[in-house]
Structure formats: C-alpha cells, structure tokens
Amino acid sequence: MTTLVYLIPVALFLGALGLSGFLWALRSGQYEDLDGAAERILIEPDGRDSEGRPSS
C-alpha cells in the first residue's frame, strides 16, 4: 500500500511531462508540414537525378 503513495505521484508527473512535451511540439509547429519531410527525401539537393547524372 505504501508503494502506491510513491507510484501514483510519479505516474502523474510523467503523464504531465509527456502532455507538456506534446503541447510544446504542437505550439512550436512540429506537426505543420508532415508531407514536406516525406517528399523532401526524394529531391536531390544538388540538381542531380537518382543515378548521379546532372538533371536537365
């Protein structure tokens, strides 16, 4: 029974910590452009195609 005295506040603290981290990510715009990161990996940054040839 005495372990619940310690575990309940720890669980509430960790839950509040996770919720505050999620809310911080929402406010800082981490979820604004979900498709951009997925498409950005397909674009070659130096203007070359996937085989290394200069694109025209």
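What share of the 56 residues in the chain is buried? Buried residues, meaning those under 20% relative accessible area with a 1.4 Å probe and protein chains only, make up 4%. This is a predicted model, in which local features need pLDDT of at least 70, side-chain atom pairs count only at pLDDT 80 or more, and totals for chains, interfaces and linings use all residues. Residues are numbered from 1 along each chain as its sequence is written, and side-chain values use heavy atoms, without hydrogens and water.

The chain holds two helices and zero strands (DSSP runs numbered from the N terminus: H or I of at least four residues for helices, E of at least two for strands). Helix α1 covers residues 2-27, and its 26 residues reach 39 Å from first C-alpha to last. That is close to the 38 Å expected at 1.5 Å a residue, a span taken as 1.5 Å times one less than the number of residues. After α1 comes glycine 29, with a positive phi near 85°.

Tyrosine 31 sits in the loop between α1 and α2 (34-40). With phenylalanine 22 it forms a tilted aromatic pair, 6.1 Å centre to centre and 50° between the planes. Here rings of Phe, Tyr and Trp (its six-membered ring) pair if their centres lie within 6.5 Å; planes under 30 degrees apart are stacked, over 60 edge-to-face and the rest tilted. A search of the whole structure finds one such pair. Phenylalanine 22 has a relative accessible area of 40% and tyrosine 31 one of 43%, so both count as partly exposed, the class between buried and exposed (over 50%).
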